[in-house]
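Colleague: I should like a close look at one part of this predicted model. Please describe how its helices pack against one another, and then turn to the pocket.

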Amino acid sequence: MTSVQLDGMKDHVGFGGPVNGNMMGMPEAARLLDFTQKLDITLLDNVVNCMYAGVGNEQKIAQEILTALKEHPDAWTRVDTILEFSENQQTKYYGLQILENVIKTRWKVLPREQCDGIKNYIVSLIIKTSSDPKTLEQEKVYLNKLNMILVQILKREWPKIGQVLLQILWVRASQMKVCARTT
């Protein structure tokens, strides 16, 4: 294992067990904070697992790494990779927490194209996840978090889309009444 120094702590810490024959330690886990490198999903999954299943200093350091990653100003740019490639539901949920944080704190300063991209991505994930009954049942928590994120987006977009959305809903409701009367 590797000696590490994080916030004044020095200890031997390993994450998740052998990977390629080596214990993953702090230097490897700290790579998650290096945004010049491609995100290592397996490493992130291992750190998240350590956060939930680890004990003592291992768990504490995993939490510190995940907190530092979540607070990184560019962390949200990795959420799509996390959601697409992680098989770990806890890691996906963590990715959605990163996205929720950026929506709550930086939505109004993000370029419009990025906001629209995030919004479209979340809607497509909701449709994809809810369109298959098996996936819908298996990923209820994930889908609920996606829905909560969409609500957060709509809260911030409401002044822009509120009137249009109300008009669309009114037209749809009127169409449904007509359909109901003709059947």
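**Helix packing and the largest pocket**

Modeller: I begin with the pocket, since its composition is quickly stated. Sorted by class, the residues lining the largest pocket of this predicted model comprise 4 nonpolar, 2 polar and 4 charged. The volume of this pocket is about 170 Å³. Its lining consists of Leu83, Glu84, Lys92, Tyr121, Leu125, Lys128, Thr129, Thr135, Glu139 and Tyr142. Two helices, H4 (79-85) and H6 (112-131), each contribute at least two residues to that lining. The greatest contribution comes from H6, with 4 residues.

The packing of helices H2, H3 and H5 may now be taken pair by pair. Two packed helices are described by the angle between their axes and the distance between the axes.

For H2 (residues 41-53) and H3 (residues 56-71), the axes lie 8 Å apart and the packing angle is about 125 degrees. Angles of 65 to 115 degrees count as roughly perpendicular and those over 145 as roughly antiparallel, so H2 is oblique to H3. The crossing of H2 past H3 is left-handed. On the H2 side, the contact is formed by Leu44, Val47, Val48, Cys50, Met51 and Tyr52. H3 answers with Glu58, Gln59, Ala62, Gln63, Ile65, Leu66 and Leu69. By class, the residues of this contact are 10 nonpolar, 2 polar and 1 charged.

H2 also packs on H5 (residues 89-106), where the two axes come within 9 Å and cross at roughly 95 degrees. H2 and H5 are therefore roughly perpendicular to each other. From H2, the residues in this contact are Leu44, Asp45, Val48, Asn49 and Tyr52, while H5 supplies Gln90, Thr91 and Tyr94. The contact of H2 with H5 divides into 4 nonpolar, 3 polar and 1 charged residues. Leu44, Val48 and Tyr52 of H2 thus appear in the contact with H3 and also in the contact with H5.

The remaining pair is H3 and H5, which pack at an angle of about 40 degrees with their axes 9 Å apart. Angles under 35 degrees count as roughly parallel, so H3 and H5 are instead oblique to each other. H3 passes H5 in a right-handed crossing. Here Leu66, Leu69 and Lys70 of H3 meet Tyr94, Gln97, Ile98 and Asn101 of H5. The residues of this contact fall into 4 nonpolar, 2 polar and 1 charged.

Certain residues recur in these pairings. Leu66 and Leu69 of H3 take part in the contact with H2 and in the contact with H5. Tyr94 of H5 likewise belongs to the contact with H2 and to the contact with H3.

Terms used: Residues numbered from 1 in each chain as written. Predicted model: local features only at pLDDT ≥ 70, side-chain atom pairs only at ≥ 80, totals over all residues. Heavy atoms only, no water. 1 Å grid on protein atoms, 1.4 Å probe; cavity = no way out; pocket = protein on both sides within 12 Å on 5 of 7 lines; lining within 4 Å. Points joined across faces, edges and corners; volume = space filled by probe spheres on them. Nonpolar A, V, L, I, M, F, W, Y, C, P; charged D, E, K, R; others polar. Axes fitted to C-alpha atoms, helices over the stretch in contact; angles between N-to-C directions. Contact = heavy atoms within 4.5 Å. Left-handed = near helix turned anticlockwise from the far one by under 90°.
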